[in-house]
Amino acid sequence: MDSFIRLLLLVVCLFPALVHCNLRRYNFDVVMKKSTKLCSSKSIVTVNGRFPGRTLYAREGDTVIVKVTNHVKYNVSIHWHGIRQLRTGWADGPAYITQCPIQTGQSYVYNFTITGQRGTLLWHAHINWLRSTVHGAIVILPKRGVPYPFPKPDKEVVVVLGEWWKSDTEAVINQALKSGLAPNVSDSHTINGHPGPLSSCSSSGGFTLPVESSKTYMLRIINAALNEELFFKIAGHKLTVVEVDATYVKPFKIDTVVIAPGQTTNVLVSADQSSGKYLVTASPFMDSPIAVDNVTATATLHYSGTLASTPTTITKPPPQNATAVANNFIDSLRSLNSKTYPARVPQTVDHNLLFAVGLGVNPCPSCKAGNGTRVVASMNNVTFVMPTTALLQAHFFNISGVFSTDFPGNPPNVFNYTGTPPANLQTNSGTKVYRLAYNSTVQLVMQDTGIIASENHPIHLHGFNFFAVGKGLGNFNPKTDQKKFNLVDPVERNTIGVPSGGWVAIRFRADNPGVWFMHCHLEIHTTWGLKMAFLVDNGKGPNQSLLPPPSDLPKC
Ligand code: C2O
């Protein structure tokens, strides 16, 4: 019945002039493309030959249909990061979680409706490390006739931040997994695909943002980097933050934005300075002793009428360990929480969860470089093992033996998470999910463990937005910390940093049936196993169950 109604809707939507609904159709052809950025020449995996990939435009309420065809030697899948996918988990995209990957020569049609969301998100490959070059922006405009809750900018510009390796990224990660050690850091950051004019390989000149005096611009900034959180800054200009992760925030002015992989930030910039050229920088934020790519990507804000010979006004990016600069941004974020856009924070909690997140060390006899050990990562000491059948399929078709539902709601070993690590750093392995009844409410505290090093982990939850109700340093104390939670206007997002040596608390309502991946959006940590999934049961109501899979769902 459900699928019949959907089919009917699709047919009706073919005549958008007659009814008030809209279809957006895209073809994504995954192809190899020769690229010569950054003094290296290599073949990269792309969508339609472009890096970054094209922007997917839609309006709130639209149905989006993307036919993805795989013309490369790798298996692929595409994730629409932050799109809620209400009842359409089959279109979410993480390989082996909601679908088997699209094999070479095959195609799959992603079909989903954007409900109750507007703003900037991103799409990216969700298998191995392919998302390093397979990514692009999603721009969801408000419904026709609905204004932004802030003054309309004169122009909007998509700014995609990325990370570039001179060598092939699939080789980089495979080599690291063999050794048991961390992979090479990238060779440069990029702004809209360019390392920029200050790079030693500036053949491209870099991205230029042309502006006219006294006009206002909205930058839709996306961090599509694999492993690095980034500071973003424009010389001489304040940024007014109006939205993160496709939810409106109370506007505030700031010099520097911090943005983790998977996050998006919309800022307004007024061209209110004397005409000239101003440097734009994207530089790493890492406040723990871990190697990063410290090459700052640059671009130029260029006032019209500026002579080519005019020197660029430069700015210094914050030092990479500038925790205070990052916190100044993070702590300023509040939901807009207006009449039209209320913050629906769950006020009661059905599942009170604590997940310890961090690294570990497991034996690996073949890992010579790692002296017989390998670095792993875990949540509640479970290093997630990717299944060979997609979890959502196993769930929907009742295939047993693919996963178990015993993911622990609390750390199995209690220790001083932010103190001296325990002697035994080994983790358990398993494909475990945590089960939630439809519409139940969840409070999840994620606690960084200082194992190997304390580190900021940007955790992304598929299928939901959540509210960031609290954060702190040290070990979470339920007695004292919970009292300080903001249950009124906490920021709503889909990816949140667990601070180095601290914790973050989120709340969400499990109102979307299906299987939803949750993982660190630093790709290396995902690879190492810092991932799990929530299984949300169907509800009893007519619109509360997972729809059946489309007929072209890929097979493993
Ligand atoms: Cu943006 Cu599971 O990913």
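This section describes two sheets, two buried strand residues and the internal cavities of a predicted model.

The first sheet is open and comprises 6 strands in the order E10-E9-E12-E17-E14-E15, with mixed pairing. Its edges are formed by strand E10 (188-191) and strand E15 (247-254), each of which pairs on one side only. Neighbouring strands of this sheet are turned against each other by 25° on average, direction ignored. At the E15 end of the strand order, strand E14 (residues 239-244) pairs with E15 in the antiparallel sense over 5 bridges. Within this pairing, Val244 stands opposite Thr247 of E15.

The edge strand E10 contains Thr190. Thr190 counts as buried because its relative accessibility is 1%, under the 20% limit that defines this class. Apart from neighbours within four places in sequence, the contacts of Thr190 comprise Phe51, Val160, Leu161, Gly162, Glu163, Trp164, Pro195 and Ala297. Among these, Val160, Leu161, Gly162, Glu163 and Trp164 fall within strand E9 (155-164), which follows E10 in the strand order of the sheet.

The second sheet is likewise open, and its 4 strands take the order E3-E8-E7-E5 with mixed pairing. Strand E3 (56-59) and E5 are the edge strands, each pairing on one side only. The twist from one strand to the next averages 20°. Strand E7 (residues 119-125) is joined to E5 by 4 bridges, and the two strands run antiparallel. Ile78 of strand E5 (residues 78-81) stands opposite Ala125 in E7. On its other pairing, E7 runs antiparallel to strand E8 (residues 135-141), to which 6 bridges join it. Here the bridge partner of Leu121 is Ile138 in E8.

The side chains of E5 alternate in direction: Ile78 and Trp80 point one way from the strand, whereas His79 and His81 point the other way. All of these residues are buried, although E5 is an edge strand of its sheet.

A further buried position is found at Val258, in strand E16 (residues 256-259). With a relative accessibility of 5%, Val258 counts as buried, since the class covers values under 20%. When neighbours within four places in sequence are set aside, Val258 is in contact with Leu230, Phe231, Gln263, Phe285, Ala326, Phe329 and Ile330. The C-alpha atoms of Val258 and Asn327 are separated by 8.6 Å, while the two residues lie 69 residues apart along the chain. Asn327 is not listed among the contacts of Val258, but Ala326 is.

The structure holds 4 cavities of 30 Å³ or more. The largest cavity has a volume of about 110 Å³ and is lined by 15 residues. Of these lining residues, Lys42, Ile44, Ser132, Thr133 and Thr169 lie nearest the centre of the cavity. At least two residues of the lining are supplied by each of strand E2 (42-47), strand E9 (155-164) and helix H2 (169-179). The largest share comes from E2, with 4 residues. Both Lys42 and Ile44 fall within the range of E2, and Thr169 is the residue at which the range of H2 begins. By residue class, the lining divides into 7 nonpolar, 4 polar and 4 charged residues. Strand E9 thus appears both in the lining of the largest cavity and in the open sheet of 6 strands.

Note on methods. Residues numbered from 1 in each chain as written. Predicted model: local features only at pLDDT ≥ 70, side-chain atom pairs only at ≥ 80, totals over all residues. Heavy atoms only, no water. Pairing = 2+ DSSP bridges. Axes fitted to C-alpha atoms, helices over the stretch in contact; angles between N-to-C directions. Buried < 20%, exposed > 50% of the residue type's maximum accessible area, 1.4 Å probe, protein only. Contact = heavy atoms within 4.5 Å. 1 Å grid on protein atoms, 1.4 Å probe; cavity = no way out; pocket = protein on both sides within 12 Å on 5 of 7 lines; lining within 4 Å. Points joined across faces, edges and corners; volume = space filled by probe spheres on them. Nonpolar A, V, L, I, M, F, W, Y, C, P; charged D, E, K, R; others polar.
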